[in-house]
Amino acid sequence: MYRLLIADDEALEREGIEWIVNRMLPDTFQIMHAENGRTAIQKAAEFHPHIVMMDVRMPGIQGLEALKEIKAHNPGVKMILITAYEYFDYAKQALSLGVHEYLVKPAKREQIAAVLKRMVDEIAEDRRERNEQLAVRDKFFQLLPLAETELALHFMSDQVNETEVSQLADILKLPAGKGCAIVLAFPEIGDQKKKVYDTVKTLTHDIAKDRCGAVVSSMVHSHMAVFLLAGPQAGAEALREGAAQLGAKLAESLANQCGITISVGIGSVQSEAAGIRRSYYEAVFASKFEDKWGSLYRFEDLKAADGAGAEGPYGKGPGEESTYVQLAIRQIREEREQNTTNMLDKALAYIRDRFQEELSLEDAAEHVHLNPYYFSKVFKQQTGETFIDYVTRLRIDKAKDLMKNGELSLKEVCYAVGYKDPNYFSRVFKKVTGVSPSEYRVHLQS
């Protein structure tokens, strides 16, 4: 029901309007009365009416002043001005307060009902628009973590799409003209994956929010990447020092909160998406430089040491400017290809064992310890099928085999391959094979 406040110094007027409202619009309003402007203000503050019907001339605080006070504390209220002919000029003043409806005494009941019906329709429309805005806003905020993950994956991928990077950065309201990568390399962390991810993401955004932009990747195999981002005019030194401080702070927090000792690698400050990707490879390389946990290396420090003639575990020779990055790219690609193959083999085996049960993409992703979004993307790239299409194909192939034996009814076949609704199973089967299950069985018997 809607709340209606009727403010008029004449009791008969108030009671007459209430009678008309209850008769013409039954079960629509909860009605309150006010005999003057002061009482109207008090009742409005207490009951928060959806609609106020206000007489212009009342003892004490006048109608327009009362409406102005009520509107200030309840901006969404709908206001109807009630006026006699001699006070009709007041209606013009009321326009500035947002009063768009008025009634001239004595108003006919059809007029009163029509005005209130318009107000109710406006309120319903306002609510619908508000709910749509909230739904869009809610969806937008749900998509932000996905956009962040996608942007990080673009920086980490072998091919950088500058246009998509720019679009994702715009969505996240982040600069992407310059950046520096931090890579956190993990030992086996078991079931602490979510806690580790949440710790890294929360701390990164808390520290970076007042200095520069930050993007945190999901956990890919045994490491996470953090990208500190700034505009093209930002100072490289501030970004460089910020990355070192953040890397050290993340290592300290993970040790204290999760009991995990990690290795940290920090890439150099680079410009544009391709350069930030280069910084990521440098950071991965630096995180692997020392064969023990607990190290923190900046790629630039390693490069400077190598230029001075230092020999590292990867056989780096002095004076070869691109050696580190070339080695990093080669090493990471080999590891990534091997890890992807191992992960996919493990996921496919898991799916083949359980496709006849209730199985979701999230279940498979959790089994191989990957973010569902990243798992879905890799699965499609490697198999050429979406997760749903792959599971559907397994189920339909199994259904065909069961129908060949002829031992089970079509309903039993449906349940045996993981479907709970025979009608849905029939639609899926026909979509995949071009014929219904019964037609397929008849074909087998012919």
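Which residues form one aromatic cluster with Tyr419? In this predicted model, Tyr419 is joined in that cluster by Tyr424, Phe425, Phe429 and Tyr440. The protein around these rings comprises 446 residues, of which 46% are buried, and its secondary structure consists of 17 helices and eleven strands.

**Overall build**
- When contacts in the protein are taken between residues at least 6 apart in sequence, 66% of them join residues that are at least 24 apart.
- The protein exposes about 23,500 Å² of surface, and carbon and sulfur atoms supply 50% of that area.

**The aromatic cluster and a charge beside it**
- Tyr419, Tyr424, Phe425, Phe429 and Tyr440 together make up one aromatic cluster.
- Tyr419, a member of this cluster, also has Arg395 lying over its face, at 5.0 Å from the ring centre.

**Aromatic pairs and the tyrosines at 280 and 281**
- Where ring centres have to lie within 6.5 Å for two rings to pair, the count comes to twelve aromatic pairs.
- One of these aromatic pairs is formed by Tyr280 and Tyr281, whose ring centres are 5.6 Å apart and whose planes are set at 45°, an arrangement that is classed as tilted.
- The angle of 45° between the planes falls in the tilted class because stacked pairs have planes under 30 degrees apart and edge-to-face pairs have planes over 60 degrees apart.
- Tyr280 counts as buried because its relative accessibility is 0%, which is under the 20% cut-off for a buried residue.
- Tyr281 likewise counts as buried, since its relative accessibility is 1%.

Conventions
Residues numbered from 1 in each chain as written. Predicted model: local features only at pLDDT ≥ 70, side-chain atom pairs only at ≥ 80, totals over all residues. Heavy atoms only, no water. Helix = DSSP H or I, 4+ residues; strand = E, 2+ residues; numbered from the N terminus. Buried < 20%, exposed > 50% of the residue type's maximum accessible area, 1.4 Å probe, protein only. Contact = heavy atoms within 4.5 Å. Areas by Shrake-Rupley, 256 points an atom, 1.4 Å probe, with all protein chains shown as cover. Phe/Tyr/Trp six-rings, centres within 6.5 Å; stacked < 30°, edge-to-face > 60°. Lys NZ or Arg CZ within 6 Å of the ring centre and 35° of its normal.
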